[in-house]
Amino acid sequence: GVITNTGGAVRVQTLPGQENYPAVNANGIQSQVLSRWASSFSVTAGTKSTALEAVGRSVSTARPSTGKRPKKTLDKKAGNKDCKADIAFLIDGSYNIGQRRFNLQKNFVGKVAVMLGIGTEGPHVGVVQASEHPKIEFYLKNFTATKEVLFAIKELGFRGGNSNTGKALKYTAQKFFSLENGARKGIPKIIVVFLDGWPSDDLEEAGIVAREFGVNVFIVSVAKPTTEELGMVQDIGFVDKAVCRNNGFFSYQMPTWFGTTKYVKPLVQKLCSHEQMLCSKTCYNSVNIGFLIDGSSSIGESNFRLVLEFVSNVAKAFEISDIGSKVAAVQFTYDQRTEFGFTDFVTKDKVLSAIRGIHYMSGGTATGDAISFTTRNVFGPVKDGPNKNFLIVLTDGQSYDDVRGPAAAAQKAGITVFSVGVAWAPLDDLKDMASEPRESHTFFTREFTGLEQMVPDIIRGICKDFLDSKQ
């Protein structure tokens, strides 16, 4: 129902027709009365229109969480595509919070869910309840429409027990985000922990586990412990130890569960800013890799195919997406040809098929010019972006021009250079192009078939450089 706060006394007022709800039956959720109560979740004041619009847009009915999804062409609700996130709301279900505040908490989570713009291509959410033992109430894959999520939140029962938030956080980080439970590759994973007061167990270890799993932990703390209560808190710095980064971004405070509407939008804005999700940044989803491919006539068509296979195998290891890693390729002889730039293809399949489609040019070898061309035209447009930049130069012979100057300029522009030489490529040239320490950025093989063995070392090298740059 709608909870009104009348100067201390709290009245729960039932909406017309709300008295006899359909219960959840064995097959899932019946949802005839959705439209009636969905409006009670509407966010008041300035955000009303979005809330109602979001509720109005989702016409699909709640469905059983098992079995096939009914095929409906009508309501393919994409949701807010600009908010890339897979979110677990870890709600407080302990005796600490009590039944009344538990309902207010559900109300708040419902408002946040509405404003996020849940949909197939937008954010997906699930809920875990922390109490004596954590319980996953529903997974990311169970509902992809706002109405269904609101209904599921409304149906949550209060569990009671101790607020073992640390235990629940660790459990959620390890179990919730599996691919079979609906987590999506390359989309930031977020756990929003709601805490009324303080946790009854330790959060530090859970925070470490979450970071290892690439999960961004937010703590929303309500009603901080009073001075008298501080003696009962195991670790006063619990928030800083659990969050993704102790930089102020990942913690959020609300004084009380009453009048929380004004806190909805700022929290949603945080959850939707994927550049800030520092814990999801790994070398696999946060790099730009440019391949500079020698197309000179000494290589020949069949060896050129082996070179492209090498390029594909390196690219394959990374999570290529519009918010993840990106790949570009330039082929060079005396001339340069951009085969595709960083923003041309944003899925791995498209990138791999573009690599397969590269035609062999055949001609001379001007590697220095090619490095300058690539630095300017391919890396230029992304130089201020969030990803770390790498250039892999593949050549089979002596360059006709100077490589040292252009390679130094590329490195100065923030590009880490790996040089890969085959057959007649002179070691001095390769070392002159490579980033420091040169030994670990220079590769050589006599035969084109030897490229395959280098793939894991190149990937490991990129990841090592990525981690070093983040220290």
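Which residues in helix 4 are buried? The legends below take up that question and others for this predicted model.

**View 1. Helix 4 (residues 146–154) is largely enclosed by the rest of the structure.** The buried residues here are Thr146, Lys147, Glu148, Val149, Leu150, Phe151, Ala152 and Ile153. That makes eight of the nine residues in helix 4, so the helix has most of its length enclosed.

**View 2. Six strands form an open sheet with mixed pairing.** Reading across the sheet, the strand order is 7-6-5-8-9-10. At the edges stand strand 7 (135–138) and strand 10 (251–254); each has a single partner strand, so one side of each is left without a neighbour in the sheet. From one strand to the next, the twist averages 20 degrees.

**View 3. Strand 8 and strand 9 run parallel.** Here we look at residues 189–196 of strand 8 and residues 215–222 of strand 9, which are joined by eight bridges. To find one of the partners, start at Val193: its bridge partner in strand 9 is Ile219.

**View 4. Helix 3 (residues 98–116) packs on the sheet.** The strands that helix 3 touches are strand 5 (86–92), strand 6 (124–130), strand 8 and strand 10. Between the directions of helix 3 and strand 5 the angle is about 165 degrees.

**View 5. Phe89 and Leu116 have the most contacts inside the largest nonpolar core.** This core has 70 residues, and helix 3 provides the largest share of them, eight residues. Which residues is Phe89 in contact with, leaving aside its neighbours within four places in sequence? They are Val109, Val112, Leu116, Val125, Gly126, Val127, Val128, Val192 and Phe194. As background, nonpolar side chains tend to be buried together in soluble globular proteins.

**View 6. A second core is separate from the largest one.** It has 41 residues, including Cys283, Ile299, Ala354 and Ile355.

**View 7. The largest pocket holds about 790 Å³ of space.** Its lining has 32 residues, and the closest to the pocket centre are Gly214, Cys279, Ser280, Lys281 and Thr282. Which helix gives the most to the lining of the largest pocket? Helix 15 does, with four residues. Both helix 6 (204–212) and helix 15 (451–470) supply at least two residues of this lining.

How values were computed: Residues numbered from 1 in each chain as written. Predicted model: local features only at pLDDT ≥ 70, side-chain atom pairs only at ≥ 80, totals over all residues. Heavy atoms only, no water. Pairing = 2+ DSSP bridges. Axes fitted to C-alpha atoms, helices over the stretch in contact; angles between N-to-C directions. Contact = heavy atoms within 4.5 Å. Core = buried A, V, L, I, M, F, W, Y, C linked by side-chain atoms within 4.5 Å. Buried < 20%, exposed > 50% of the residue type's maximum accessible area, 1.4 Å probe, protein only. 1 Å grid on protein atoms, 1.4 Å probe; cavity = no way out; pocket = protein on both sides within 12 Å on 5 of 7 lines; lining within 4 Å. Points joined across faces, edges and corners; volume = space filled by probe spheres on them.
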